[in-house]
Amino acid sequence: RGIVSRLDRLYEALTADSTAIMDQRGQILSGTALAKSIRLNLKSELAEIRAVYPDFASPTLAVVQVGNRSDSNVYIRNKLRSAKEVGFEARLIQLDRDTNQSELINTLQKLNEDSSLDGFFLQLPVDSSEHIDADHCISLIRASKDIDGLTSLNAGLLSRNHVTDAQIPCTARGCIELIKKSGIDIKGKVAVVVGRSEIVGLPV
């Protein structure tokens with residue numbers, strides 16, 4: 001009886017709260033304007049650096065893709081276009097679908113040692129007819145070149161709140177930046193994150 005009574009009171013409280021909540025309209029945040037602003041700022045910063053240092057080399061990134069998934073192609077195409085828009089050099093390293101793990105690892109290790117390259121990432125999911133342990137391959141990416149922030153070192157730094165030292169996954173970072181720009185104070189709030197992927201849900 002005591003439990004039922006408590007449940008009844010809880011239901012009443014939730015009903016009252018839901019009435020108040022229904023009167024508050026949710027705000028949908030769009031990242032389109034923010035993304036454009038970030039690209040313009042990056043382009044401006046790069047131009048300012050080049051005005052002082054004419055020989056300054058463009059930041060260079062690379063995408064490693066195994067196979068030819070259509071959804072991955074769209075994602076990669078957008079990333080390469082955005083990089084070039086701000087004045088970065090962007091490379092696509094596309095490997096055949098029959099690439100095996102040893103061949104992929106060899107490619108990743110060469111990129112680790114490429115001094116002309118500032119960062120790179122392995123496009124997921126890996127579309128190979130051969131068995132490839134994507135987690136193992138990602139673990140071999142040098143942390144300083146880990147654009148996606150998926151290596152154990154970067155993920156560990158982020159989990160310990162060492163955000164200034166970690167490479168943070170871009171989608172998660174974009175979500176937080178979007179909330180900040182909206183003016184919403186999330187400190188002390190109860191938030192719901194749908195999904196717990198390594199590249200979005202968990203880092204958010």
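**Salt bridges, an aromatic pair and surface patches**

R142 comes out as partly exposed, its relative accessible area being 35%. That value, like the others here, is computed from a predicted model. The partner of R142 is E113, and the two form a salt bridge in which the closest N and O atoms are 2.6 Å apart. This contact links distant parts of the chain: E113 sits in helix 4, R142 in the loop between helix 5 and helix 6 (152–159), and 29 residues separate the two. On the E113 side, the relative accessibility is 58%, so E113 counts as exposed, the cut-off being over 50%.

Stepping back to the overall fold, the protein chain has seven helices and three strands. Followed along the sequence, these elements run α-α-β-α-β-α-β-α-α-α. The chain has 204 residues, of which 27% count as buried.

Back to the charged pairs. Side chains of opposite charge can pair when their charged atoms come close, and this structure holds five salt bridges. Besides the E113–R142 contact, one of them brings together the side chains of R39 and E85, with an N to O distance of 3.3 Å. Here, too, distant parts of the chain are linked, as R39 belongs to helix 2 and E85 to helix 3, 46 residues apart. R39 is partly exposed at 24% relative accessible area, and E85 is also partly exposed, at 39%.

Another salt bridge joins the side chains of R91 and D114, at 3.1 Å from N to O. R91 is part of strand 2 (residues 89–95), while D114 falls in the loop between helix 4 (101–113) and strand 3, so the contact ties together parts that lie 23 residues apart in sequence. With relative accessibility of 29%, R91 is classed as partly exposed; D114, at 21%, is partly exposed as well. The value for D114 does not fall under the 20% cut-off, which is why D114 does not count as buried.

Now for the rings. The structure holds one aromatic pair. The partners are Y75 and F121, whose ring centres are 6.4 Å apart; the ring planes meet at 80 degrees, so the geometry is edge-to-face. Y75 is in helix 3 (residues 70–85) and F121 in strand 3, which makes this a link between distant parts of the chain, 46 residues apart. As for cover, F121 is buried, with just 6% relative accessible area, whereas Y75 is partly exposed at 28%.

That leaves the surface patches. I49, V52, Y53 and F56 make up a nonpolar patch, and together these residues have about 380 Å² of accessible area. One member, F56, is placed in the loop between helix 2 (32–52) and strand 1 (60–66). At 34% relative accessible area, F56 is partly exposed, and so clears the patch cut-off of over 30%.

There is a charged patch too: D96, D98, E103 and E130 form a negative one on the surface. E130 is found in the loop between strand 3 (119–122) and helix 5 (134–139). The relative accessible area of E130 is 39%, so E130 is partly exposed.

Note on methods
Residues numbered from 1 in each chain as written. Predicted model: local features only at pLDDT ≥ 70, side-chain atom pairs only at ≥ 80, totals over all residues. Heavy atoms only, no water. Patch = residues over 30% accessible without salt bridge, like charges linked within 9 Å, V, L, I, M, F, W, Y side chains within 5 Å. Areas by Shrake-Rupley, 256 points an atom, 1.4 Å probe, with all protein chains shown as cover. Salt bridge = Lys/Arg side-chain N within 4 Å of Asp/Glu carboxyl O. Lys, Arg positive; Asp, Glu negative; His and termini not counted. Charge placed at Lys NZ, Arg CZ, Asp CG, Glu CD. Helix = DSSP H or I, 4+ residues; strand = E, 2+ residues; numbered from the N terminus. Buried < 20%, exposed > 50% of the residue type's maximum accessible area, 1.4 Å probe, protein only. Phe/Tyr/Trp six-rings, centres within 6.5 Å; stacked < 30°, edge-to-face > 60°.
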